[in-house]
Amino acid sequence: VTAGIAEMLLQSHRRTPDGRTLVDLLPALPDAWPAGSVRGLRARGGLSAAMAWSGGRITEAEIFGAPGTAFRLRTPDGESDIVLGPDGLHRHRPPQS
């Protein structure tokens, strides 16, 4: 059950055409969970994630891993290519609408 819940919040089994891990945040969020937060989810490529959401959208997320790790981040608001800096951390905050 726990693995199924984690898969609803984060998936990383797919790769981009150039071989990078695709980290998909909130790919299958249930309607019953319009707001929440989670820490310590693990993704392929040695990555881990923490995030908060409201209204089914990411309000903030942090991805941790080895410096220089490249991956593609997908959220309900879009996709972006990420390379972790020297601190091994990426902070994602979507544009305010």
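**Salt bridges, a hairpin and a surface patch**

β6 and β7 form a hairpin with two residues between them. The model is a predicted one, in which local features need pLDDT of at least 70 and side-chain atom pairs count only at pLDDT 80 or more, while totals for chains, interfaces and linings use all residues. Residues are numbered from 1 along each chain as its sequence is written, and side-chain values use heavy atoms, with hydrogens and water left out.

Colleague: How many bridges join strand β6 to strand β7?

Modeller: Strands here are DSSP runs of E with at least two residues, helices are runs of H or I with at least four, and both are numbered from the N terminus. Two strands pair if DSSP finds at least two bridges between them. Strand β6 (residues 70-75) runs antiparallel to strand β7 (residues 78-83), and the bridges that join them number six.

Colleague: Which residue in β7 stands opposite Leu73?

Modeller: β6 and β7 belong to a hairpin. Opposite Leu73, the residue in β7 is Ser80.

Colleague: Which residue forms a salt bridge with Arg72, and which with Arg74?

Modeller: A salt bridge is a side-chain nitrogen of Lys or Arg within 4 Å of a carboxyl oxygen of Asp or Glu. For Arg72 the closest N and O atoms are 2.6 Å apart, with Glu79 as partner. Salt bridges that share partners join Arg14, Asp18, Arg20, Asp24, Arg72, Arg74, Glu79 and Asp81 into one network. Arg74 likewise has its closest N and O atoms 2.6 Å apart, and its partner is Glu79.

Colleague: Is Glu79 buried or exposed?

Modeller: Buried means under 20% relative accessible area and exposed over 50%, with partly exposed in between (1.4 Å probe, protein chains only). Because its relative accessible area is 37%, Glu79 is partly exposed.

Colleague: How many residues apart are Glu60 and Arg93?

Modeller: Glu60 forms a salt bridge with Arg93, the closest N and O atoms being 3.3 Å apart. This pair links distant parts of the chain, with Glu60 in strand β5 (residues 57-64) and Arg93 in the segment after β8 (89-92), and the separation is 33 residues.

Colleague: How many salt bridges are found in the whole structure?

Modeller: The pair Glu60 and Arg93 is a salt bridge. A search of the whole structure gives a salt-bridge total of 10.
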